[in-house]
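This briefing concerns the nonpolar cores of a structure and two of its loop residues. Please examine the sequence and the model shown here before reading on.

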Amino acid sequence: MDLDLDWLLNTDYSQPWNFLIIFSILLVGIFLRYLILAWLYHELIYKKLGNSKPYRRLHEQIKLPQVKREIWYSFLGAIIFSIMGTVLLICWQRGFTQLYTALTAWDLIWIPMSFFLALFIHETYYYWLHRWMHRTKVLRHFHHIHHNSLYTSSFTSFSFHPIEAFLQAIFLPVLVLFLPLHFSVLLGLLVTMSITAVINHAGVEVYASSSLQSPLARWMVGATHHDMHHLKYRCNYGLYFTFWDVWMRTEDAGFEKRFLAHTSKKKS
Ligand SMILES: [Zn+2]
Ligand SMILES: [Zn+2]
């Protein structure tokens, strides 16, 4: 069963009017996705789960002026992501990318394999980009916008300076120039990026304390892990996974202790 996306690819998006229409649709979609996901996660997880299990909260609820600033920068970021999304679409219809929709037997293996390979490449790109963004000049120039949120919330998840948003948004369009990806994998990656960014910034730990003993879950960045990056700056640079931090010895030594404190009910 092939995915029929001819209706999407039959319009020439390089024509200014068509460019504007698809850009506007993407902008509304990307920005609403951010607002709805961040709001739902804050209401259901930070507030509801946090009320029943207060030890899971990493800090107090952040103030409204910070949320407003984060929403503004997320809107600017959504503009950048929408432009890159439109560029990707144009590259795809011109045959420059390795995106495909027709399924073969090989896809039974390649779809999951390419998904995890893309995550690994993204992790590697982001970890080193992030290390570079913490050089004093670069930090002062643009990465500080994300770090203005010392205490984070789900609304921080997309709040970047437009230059940083561009450096993030360029990843998938460049990746699909080289790596054959089924369209569903592209969508899966976008969903994974959105959800993990919210989980990691929401200020409430949702993973089980037993994750530290799990051979797979131990390598996931979670809220506690990324919260320590915002608090201390010079540690825990990972995006989805912690292995680069472990390999390069940039994981904070107090991470496991703090993780356990926020995942286990305190004995009274
Ligand atoms: Zn940083
Ligand atoms: Zn962050």
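Arg249 lies in the loop between α10 and α11 (255-261); helices are DSSP runs of H or I with at least four residues, and strands are runs of E with at least two, numbered from the N terminus. The model is predicted, so local features need pLDDT of at least 70 and side-chain atom pairs count only at pLDDT 80 or more, while totals for chains, interfaces and linings use all residues. Residues are numbered from 1 along each chain as its sequence is written, and chains are lettered from A and ligands numbered from 1 in the order in which they are written.

**Loop residues**

- Arg249 is not a glycine, yet its phi is positive, at about 55°.
- Arg249 is exposed because 8 other C-beta atoms lie within 10 Å (buried means 20 or more such atoms within 10 Å, exposed 12 or fewer, partly exposed in between, with C-beta atoms placed from the backbone).
- Tyr233 is found in the loop between α9 (223-232) and α10 (243-247), and its phi is also positive, near 70°.
- Tyr233 counts as partly exposed, because it has 14 C-beta neighbours inside 10 Å.
- Most residues other than glycine have a negative phi.

**Nonpolar cores**

- The largest nonpolar core (buried Ala, Val, Leu, Ile, Met, Phe, Trp, Tyr and Cys residues joined through C-beta atoms within 7 Å) has 39 residues, and Phe81, Val176 and Ala202 have the most contacts inside it.
- Helices that each supply at least two residues of this core include α2 (16-52), α3 (64-93) and α8 (183-201).
- The largest share of this core, 9 residues, comes from α3.
- Apart from this core lies another of 6 residues, among them Tyr126, Tyr127, Val221 and Tyr237.
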